[in-house]
Amino acid sequence: MSQFHVELKRTVDDSYDIETGYFLEDRLISDIRNGLAGNIRRFAVITDSIVKSLYAEKLVSLLQEAGYDAELFFFEAGEKNKTRQTKEQIEDAMLAKGFRRDCCIIAAGGGVVTDLAGFLAGTYGRGVPFINYATTLLAAADASVGGKQP
């Protein structure tokens with residue numbers, strides 16, 4: 001029997017910046033232009049029925065005006081809709097619109113939206129890039145800044 005040692009060192013820096021403030025849609029577009037999502041040109045903006053008209057529609061318009069392919073996908077607001085069925089409906093709608101692994105998912109909303117969209121991004125086509133555009137302080141702290149503690 002032979003035995004050998006495999007040393008694995010983590011050399012990837014997973015650090016990231018978090019920006020908070022009001023009316024950051026233009027800043028997000030600028031960050032995307034500057035490589036936040038790499039060379040991706042196609043964005044699925046996922047939101048709920050409340051945030052849709054408050055922020056998400058404007059975000060989709062700004063992405064389109066900047067020359068990106070962007071589509072809006074939404075579900076009825078509420079914790080009761082954070083389900084596999086809602087995830088399936090969004091996935092099916094994305095597939096119907098031709099979204100593949102060359103897309104990025106942007107979650108525009110509070111905790112339910114960021115949780116659902118984050119899970120969807122992690123599983124869609126074995127995972128696609130994901131951007132949180134949290135619209136509540138709680139969602140920013142909960143989903144964007146490292147999750148939950150026991």
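In what order do the elements of the protein run from the N terminus on? They run α-β-α-β-α-β-α-β-α. That gives 5 helices and 4 strands. Before going further: the model is predicted. Residue numbers start from 1 along the chain.

Some overall figures. The protein has 150 residues, and 37% of them count as buried. The C-alpha trace spans about 65 × 35 × 35 Å along its principal axes. Now take the contacts in the protein with a separation of 6 or more: residues 24 or more positions apart account for 76% of them.

Next, the helix pairs. Start with H1, residues 25-33, and H2, residues 51-65. Their axes come within 10 Å and cross at roughly 40°. Angles from 0 to 35 degrees would be roughly parallel, and 65 to 115 roughly perpendicular. H1 and H2 are therefore oblique to each other. The crossing of H1 past H2 is right-handed. On the H1 side, the residues that meet H2 are Glu25, Asp26, Leu28, Ile29 and Ile32. On the H2 side they are Tyr55, Lys58, Leu59, Leu62 and Leu63. By type, the residues of this contact are 7 nonpolar, no polar and 3 charged.

The second pair is H3, residues 84-96, and H4, residues 111-123. The axes of H3 and H4 also come within 10 Å, and they cross at roughly 55°. That angle makes H3 oblique to H4. This crossing is right-handed. From H3, the contact uses Thr86, Lys87, Ile90, Glu91 and Met94. From H4, it uses Leu116, Phe119, Leu120 and Thr123. Here the division is 5 nonpolar, 2 polar and 2 charged.

One residue in that contact deserves a second look. Is lysine 87, in H3, buried or exposed? Lysine 87 has a relative accessible area of 11%, and the cut-off for buried is under 20%, so it is buried. Leaving aside neighbours within four places in sequence, lysine 87 is in contact with Leu116, Phe119, Leu120 and Thr123.Now the interior. In soluble globular proteins, nonpolar side chains tend to be buried together. Which residues have the most contacts inside the largest nonpolar core? They are Ile32, Phe43, Val45, Leu59, Leu63 and Ile106, in a core of 21 residues. Several elements each supply at least two residues of this core: H1, strand S1 (42-48), H2, strand S3 (103-109) and strand S4 (130-134). The largest share comes from H2, with 5 residues. Two names here have come up before: Ile32 of H1 and Leu63 of H2 are also in the contact between those helices.

Phenylalanine 43 is worth following on the structure. Not counting residues up to four places away in sequence, phenylalanine 43 touches Ile32, Ala37, Leu63, Tyr68, Asp69, Ala70, Glu71, Phe99, Cys104 and Ile106. There is also a second, separate core of 18 residues. Phe75, Phe99, Leu116 and Ala117 are among its members. Phe99, then, belongs to the second core and is touched by phenylalanine 43.

Two residues have backbone angles to point out. Most residues other than glycine have a negative phi. Phenylalanine 23 is not a glycine, yet its phi is positive, about 55°. Where is phenylalanine 23? Its place is in the segment before H1. With a relative accessible area of 69%, phenylalanine 23 is exposed. The other residue is arginine 126, with a positive phi near 70°. Arginine 126 lies in the loop between H4 and S4. Its relative accessibility is 71%, and exposed means over 50%, so arginine 126 counts as exposed.

Last, aspartate 115, which sits in H4. Its relative accessible area is 23%. That value falls between the limits of 20% for buried and 50% for exposed, so aspartate 115 is partly exposed. How many residues apart in sequence are aspartate 115 and aspartate 142? They are 27 residues apart in sequence, and 9.2 Å apart in space, C-alpha to C-alpha.

To recap: the elements run α-β-α-β-α-β-α-β-α, H1 with H2 is an oblique pair, as is H3 with H4, and the largest nonpolar core has 21 residues. That is the end of the talk.

Conventions:
This is a predicted model: local features need pLDDT of at least 70, side-chain atom pairs count only at pLDDT 80 or more; totals for chains, interfaces and linings use all residues. Side-chain values use heavy atoms; hydrogens and water are left out. Axes are lines fitted to C-alpha atoms, for helices over the stretch in contact, and angles run from 0 to 180 degrees between N-to-C directions. Angles under 35 degrees count as roughly parallel, over 145 as roughly antiparallel, 65 to 115 as roughly perpendicular and the rest as oblique. A crossing is left-handed if the near helix is turned anticlockwise from the far one by less than a right angle, and right-handed if clockwise. Contact means heavy atoms within 4.5 Å. Ala, Val, Leu, Ile, Met, Phe, Trp, Tyr, Cys and Pro count as nonpolar, Asp, Glu, Lys and Arg as charged, and the others, Gly among them, as polar. A nonpolar core is a set of buried Ala, Val, Leu, Ile, Met, Phe, Trp, Tyr and Cys residues joined through side-chain atoms within 4.5 Å. Buried means under 20% relative accessible area, exposed over 50%, partly exposed in between (1.4 Å probe, protein chains only).
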